[in-house]
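I opened this entry to look up a few strands, a pocket and some salt bridges. My notes follow in the order I checked them.

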Amino acid sequence: MVFEQKEIRLKPYPRGFHLITDTILAEFPAFRKIEKGILKVFVKHTSASLTINENADDTVRSDFEKHINILVPENAAYYEHIYEGSDDMPAHIKASLLGSFIEIPITNGKLNLGIWQGIYLGEHRDFGGSRSIIVTAFGV
């Protein structure tokens, strides 16, 4: 059994959804020695998220951003946690809805994603800054 883990510091991204698949592939080649296993990616923040979706058309990511902003609006009258700006509480809700980790099968040293799938970082703050992810690969 092989276990590998690394923390990757991502560059700051603007609010929205951003493909980070290539960054993970470049920064964490350790998974390539695994024939059958799992890659787990975890984001260490309460106002950012991870998800897997379309990697070819940029409009999918911009539509994700537009739609989630309708689902979870800013300045809702019932928010009590308002001290860190109007984007903060919605960012926490969005991060919980989408999740803080993803798992991807590893097959023959490659991520076994579908042809049009990529890993998204959801940056839910206007100025979230640099984010850290933990990538863990395990298998045989």
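Before counting anything by helix, I fixed the term: helices are DSSP runs of H or I with at least four residues, numbered from the N terminus. I also noted that the model is predicted.

**Entry 1: the pocket**

I went to the largest pocket to see what lines it. Which element gives the largest share of the lining? Helix 1 does, with four residues. Helix 1 covers 21-27, and strand 6 and strand 7 (117-123) join it in supplying at least two residues each. I wrote down the residues of the lining: L19, I20, T21, D22, T23, L25, N55, K110, L111, L113, Q117 and G118. Sorted by class, the lining has five nonpolar, five polar and two charged residues. The space in this pocket comes to about 200 Å³.

**Entry 2: strand 5 and its partners**

K110 and L111 of the lining are also the residues of strand 6, at 110-111. That led me to strand 5. Strand 5 spans residues 101-107. I asked which of its residues sit on the covered face. They are I102, I104 and I106. The uncovered face carries F101, E103, P105 and T107. I kept the general rule beside this: side chains in a regular strand alternate between the two faces of the sheet.

Next I checked the pairing. Strand 5 runs antiparallel to strand 3 (residues 36-43), and seven bridges join them. In that pair, T107 faces K36. Strand 5 also pairs with strand 6, again antiparallel, through two bridges. Here T107 has K110 opposite. So T107 turns up in both pairings, opposite K36 and opposite K110. The hairpin of strand 5 and strand 6 has two residues between its strands. One of these details stood out for my notes: N108 takes a positive phi near 50 degrees.

**Entry 3: salt bridges**

How many salt bridges does the structure hold? I found twelve. I followed three of them.

I began with E74 and R15. Their closest N and O atoms are 2.5 Å apart. E74 lies in the loop between helix 2 (58-71) and helix 3 (88-98), and R15 in the loop between strand 1 (2-10) and strand 2 (16-19), so this pair ties together parts that are 59 residues apart in sequence. I then looked up the accessibility of both partners. E74 is partly exposed at 27% relative accessible area. R15 is partly exposed as well, at 21%; the cut-off for buried is under 20%.

The second pair was R125 and D87. Their side chains meet at 3.0 Å, N to O. R125 is in the loop between strand 7 and strand 8 (131-139) and D87 in the loop between helix 2 and helix 3, so the link spans 38 residues in sequence. Buried or exposed? R125 is buried, with a relative accessible area of 16%. D87 is buried too, at 6%.

The third pair was R131 and E123, with the closest N and O atoms 2.8 Å apart. R131 is buried at 4% relative accessible area. E123 counts as buried at 0%.

Last, I checked for shared partners. Salt bridges join R15, E65, E74 and D126 into one network.

Methods
Residues are numbered from 1 along each chain as its sequence is written. This is a predicted model: local features need pLDDT of at least 70, side-chain atom pairs count only at pLDDT 80 or more; totals for chains, interfaces and linings use all residues. Side-chain values use heavy atoms; hydrogens and water are left out. Buried means under 20% relative accessible area, exposed over 50%, partly exposed in between (1.4 Å probe, protein chains only). Two strands pair if DSSP finds at least two bridges between them. On a 1 Å grid over the protein atoms alone, a cavity is a set of points where a 1.4 Å probe fits but cannot get out, and a pocket is an open set with protein on both sides within 12 Å along at least five of seven lines; lining residues have an atom within 4 Å of a point. Grid points are joined across faces, edges and corners, and a volume is the space filled by probe spheres set on the points. Ala, Val, Leu, Ile, Met, Phe, Trp, Tyr, Cys and Pro count as nonpolar, Asp, Glu, Lys and Arg as charged, and the others, Gly among them, as polar. A salt bridge is a side-chain nitrogen of Lys or Arg within 4 Å of a carboxyl oxygen of Asp or Glu.
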